Amino acid sequence: MTTHSNTPAGWYADPQGTPNLLRYWDGTRWTEHTNPGQVPQQQQPGGGSAWELNVSRPADPSKVQHQVQQQAGVSPTAYGGGTLFTEPVLVVNQKAKLIELVNEYSVFDQHGNTLGSVVEVGQSTAKKVLRFVSSVDQFLTHKLEVRDAQGTPHLVLTRPAKFIKSKVLVQRANGEPLGEIVQQNAFGKIRFGFMYNGQQIGAIKAENWRAWNFAIVDHTETEIARITKTWEGLAKTLFTTADNYVLQIHRQLQDPLLSMVVASALTVDTALKQDSRGLG
């Protein structure tokens, strides 16, 4: 197993190659704790599946910078605090897979530095089989963990099974609820409301009917952030379901609005996954 900073803690095959031996990875290093056994065939570090065909390439900081400045039109800004919740620009790139059974995203700052990842968790084998043989993905429940660069979960986003409209439950990693992101219409320019204790504290507003670019506003309808979908390239567009987004936050925000805004860049893709791929 090749270890990465975003590999979650858990039992994995012994890196020294000892047969039928599991060793515990604590999220940052290998420990002395071992157990006899074998890693399940479907288990992959980071939440992926052995059935998937991952065609992603290692992140190139220069390409991330081009994505932010040329594609999204975001001018370079001062450095933030170096975390998911303190940077003014987040780049959310979905991992490209020819066969996708688990949603995975990498999150970078505007300069291409890794800030964290988003990994789908809690999928049963039966659900993966269903995703493989059918196109009913949008009707299934999805749960995503938002992790920092060290692999520590900070947010859990749950989108219950939907029929027409989506709803995403936003929680801290300890289960504390932060609010809901609720789709308010199914036709025309899509709009999501940020709901907290029964009150709307903000919204995501699509700027066109294809729901690719969004303005994020507070309760006064003042724009506080913007989501721009960037073109992932011809090959990815035609042969994979990978989507890339840039989130630009205009000013400092406080929770729960801050967490809702950060979650929104991830929610848009999961809630409004395009069934047909296009170039426009």
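In the predicted model, Gln-67 is in contact with Ala-72, Val-91, Asn-93, Thr-230, Asn-244, Tyr-245 and Val-246, its neighbours within four places in sequence being left aside. Gln-67 belongs to helix H1, which covers residues 61-71. With a relative accessible area of 5%, Gln-67 falls under the 20% limit and is therefore classed as buried. Two polar contacts of the Gln-67 side chain were found among these partners: one of 2.8 Å to the side chain of Asn-93, and one of 3.0 Å to the side chain of Thr-230. Val-91, another contact of Gln-67, stands 24 residues from Gln-67 along the chain, and the C-alpha atoms of the two are separated by 8.4 Å.

The protein as a whole comprises four helices and 17 strands. It has 280 residues, of which 45% count as buried. Among contacts with a separation of 6 or more, 44% are made by residues 24 or more positions apart. The exposed surface of the protein amounts to about 13,700 Å², and carbon and sulfur atoms supply 53% of that area.

The interior was examined next. The largest nonpolar core contains 39 residues, and Leu-157, Ile-181, Phe-194, Ile-216, Leu-247 and Val-261 have the most contacts inside it. Helix H4 gives the most to this core, contributing nine residues. For Val-261, the partners beyond four places in sequence are Phe-194, Ile-216, Ile-224, Ala-225, Leu-247, Ile-249 and Leu-253. Three of the core residues with the most contacts, Phe-194, Ile-216 and Leu-247, are thus found again around Val-261. A second core, separate from the largest one, has eight residues, including Val-64, Ala-72, Val-91 and Val-246. Of these, Ala-72, Val-91 and Val-246 are also contacts of Gln-67.

Charged pairs were then considered. Side chains of opposite charge can pair when their charged atoms come close. The structure holds eight salt bridges. In one of them, Arg-226 is paired with Glu-207, with 2.4 Å between the closest N and O atoms. This pair links distant parts of the chain, 19 residues apart: Arg-226 is in strand S16 (residues 223-230), whereas Glu-207 is in the loop between strand S14 (199-206) and strand S15 (214-218). Both partners are partly exposed, Arg-226 at 22% relative accessibility and Glu-207 at 35%.

A salt bridge also joins Arg-251 to Asp-218, the closest N and O atoms lying 3.2 Å apart. Here too distant parts of the chain are linked, the two residues being 33 residues apart; Arg-251 is in the loop between strand S17 (244-249) and helix H4 (257-271), and Asp-218 is in strand S15. Arg-251 is partly exposed, with a relative accessible area of 41%. Asp-218, by contrast, has a relative accessibility of 8% and so counts as buried, the limit being 20%. Elsewhere, salt bridges that share partners join Arg-172, Glu-176 and Asp-255 into one network. Within this network, the side chains of Glu-176 and Arg-172 meet at an N to O distance of 3.3 Å. Glu-176 is partly exposed at 38% relative accessible area, and Arg-172 is likewise partly exposed, at 28%.

On the surface, Phe-139, Phe-163 and Ile-164 make a nonpolar patch of about 330 Å². Ile-164 is located in the loop between strand S10 (153-159) and strand S11 (167-172). The relative accessibility of Ile-164 is 46%, which places this residue in the partly exposed class because the value lies between 20% and 50%.

Definitions and conventions:
Residues numbered from 1 in each chain as written. Predicted model: local features only at pLDDT ≥ 70, side-chain atom pairs only at ≥ 80, totals over all residues. Heavy atoms only, no water. Patch = residues over 30% accessible without salt bridge, like charges linked within 9 Å, V, L, I, M, F, W, Y side chains within 5 Å. Areas by Shrake-Rupley, 256 points an atom, 1.4 Å probe, with all protein chains shown as cover. Salt bridge = Lys/Arg side-chain N within 4 Å of Asp/Glu carboxyl O. Buried < 20%, exposed > 50% of the residue type's maximum accessible area, 1.4 Å probe, protein only. Contact = heavy atoms within 4.5 Å. Polar contact = N/O pair within 3.5 Å; in protein donor to acceptor, adjacent residues only side chain to side chain. Core = buried A, V, L, I, M, F, W, Y, C linked by side-chain atoms within 4.5 Å.
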